[in-house]
Amino acid sequence: MTTPAPNRARVIPLRPGPPPDPAPAPREPLLRDLVGDVLRRERLAQERTLKDVADTARISMPYLSEVERGRKEASSEVLAAAAQALGLGLGDLLTRAHGELVRVTGRRTATTARGVSGSAHNGLCLAA
């Protein structure tokens with residue numbers, strides 16, 4: 001009787017596969033998230049309740065809560081009212097939101113190819 005041949009694994013050379021997908025570009029933060037964060041941070045810094053600020057701004061408490069959480073895209077009128085209720089102007093609110101954008105994205109300002117600021121507004125632009 002013959003002895004069976006030992007089982008040998010068949011070696012298959014690996015073919016290089018497609019290159020791995022590059023990491024997706026980081027997503028730009030949404031303005032509504034940045035503004036909501038600023039509103040909430042300022043309200044908490046003043047130790048005020050959502051109800052107090054909403055009543056002062058004459059907007060509903062649930063709506064202000066949604067704005068603070070970045071769930072609602074508030075009009076400039078609503079943002080101005082909420083900012084004013086916190087003792088801020090709309091410009092103050094947007095300036096703080098811009099600062100938050102710079103902090104989150106790690107950018108200082110929008111620059112041109114020459115490295116000079118491309119805008120007198122340091123990257124802050126509003127459109128109607």
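# Notebook: a five-helix model

I began with one pair of helices and noted that helix 1 and helix 5 are roughly perpendicular to each other, where the class covers angles of 65 to 115 degrees, against under 35 for roughly parallel, over 145 for roughly antiparallel and oblique for the rest. The model is a predicted one, in which local features need pLDDT of at least 70 and side-chain atom pairs count only at pLDDT 80 or more, while totals for chains, interfaces and linings use all residues. Residues are numbered from 1 along each chain as its sequence is written, and side-chain values use heavy atoms, with hydrogens and water left out.

**Entry 1: overall layout**

I counted five helices and zero strands in the protein, taking helices (H or I, at least four residues) and strands (E, at least two) as DSSP runs numbered from the N terminus. From the N terminus on, the order of elements is α-α-α-α-α. I then looked at burial, and found that buried residues make up 25% of the 128 residues; buried means under 20% relative accessible area, exposed over 50%, and partly exposed in between, with a 1.4 Å probe and protein chains only. For contacts, defined as heavy atoms within 4.5 Å, I noted that 60% of those between residues at least 6 apart in sequence join residues at least 24 apart.

**Entry 2: helix 1 against helix 5**

I returned to the opening pair, for which the packing angle is about 110° and the axes are 9 Å apart; the axes are lines fitted to C-alpha atoms, for helices over the stretch in contact, and the angles run from 0 to 180 degrees between N-to-C directions. The crossing of helix 1 and helix 5 is right-handed, that is, the near helix is turned clockwise from the far one by less than a right angle, whereas anticlockwise would be left-handed.

I listed the residues that meet here: helix 1 brings Leu34, Val35, Val38, Leu39, Arg41 and Glu42, and helix 5 brings Leu93, Leu94, Arg96, Ala97, Glu100 and Leu101. Sorted by class, this contact has eight nonpolar, no polar and four charged residues, where Ala, Val, Leu, Ile, Met, Phe, Trp, Tyr, Cys and Pro count as nonpolar, Asp, Glu, Lys and Arg as charged, and the others, Gly among them, as polar.

I looked up two of the glutamates separately. Glu42, in helix 1, is buried at a relative accessible area of 16%, and apart from residues up to four places away in sequence it touches Leu86, Leu88 and Arg96. Glu100, in helix 5, is buried at 9% and, leaving aside neighbours within four places, is in contact with Leu34 and Arg41.

**Entry 3: helix 2 against helix 4, and the core**

I found helix 2 (residues 50–57) packed on helix 4 (residues 76–85) at an angle of about 120°, with the axes 8 Å apart. That angle makes helix 2 oblique to helix 4. Their crossing is right-handed, and the contact is made by Val53, Thr56 and Ala57 of helix 2 with Ala81, Ala82 and Ala85 of helix 4. By class I recorded five nonpolar, one polar and no charged residues in this contact.

In helix 4, I noted Val78, Leu79, Ala81, Ala82, Ala83 and Ala85 as buried, and what covers the buried residues of this helix includes helix 1, helix 2, helix 3 and helix 5.

Which residues touch the most other members of the largest nonpolar core? Of its 23 residues they are Val35, Leu39, Ile59, Leu64, Leu79 and Leu93, a nonpolar core being a set of buried Ala, Val, Leu, Ile, Met, Phe, Trp, Tyr and Cys residues joined through side-chain atoms within 4.5 Å. Each of the five helices supplies at least two residues of this core, and the largest share, six residues, comes from helix 4. Beyond residues up to four places away in sequence, Val35 touches Leu79, Leu93, Leu94 and Ala97.

**Entry 4: backbone and chain ends**

I checked positive phi values last. Glu47, in the loop between helix 1 and helix 2, has phi near 55° without being a glycine, and counts as exposed at 75% relative accessibility. Arg58, in the loop between helix 2 and helix 3, is likewise not a glycine and has a positive phi of about 60°; Arg58 is exposed at 77%. Gly87, which follows helix 4, has a positive phi near 80°.

I closed with Val104 of helix 5, partly exposed at 44%, whose C-alpha atom is separated by 9.0 Å from that of Glu28, 76 residues apart along the chain.
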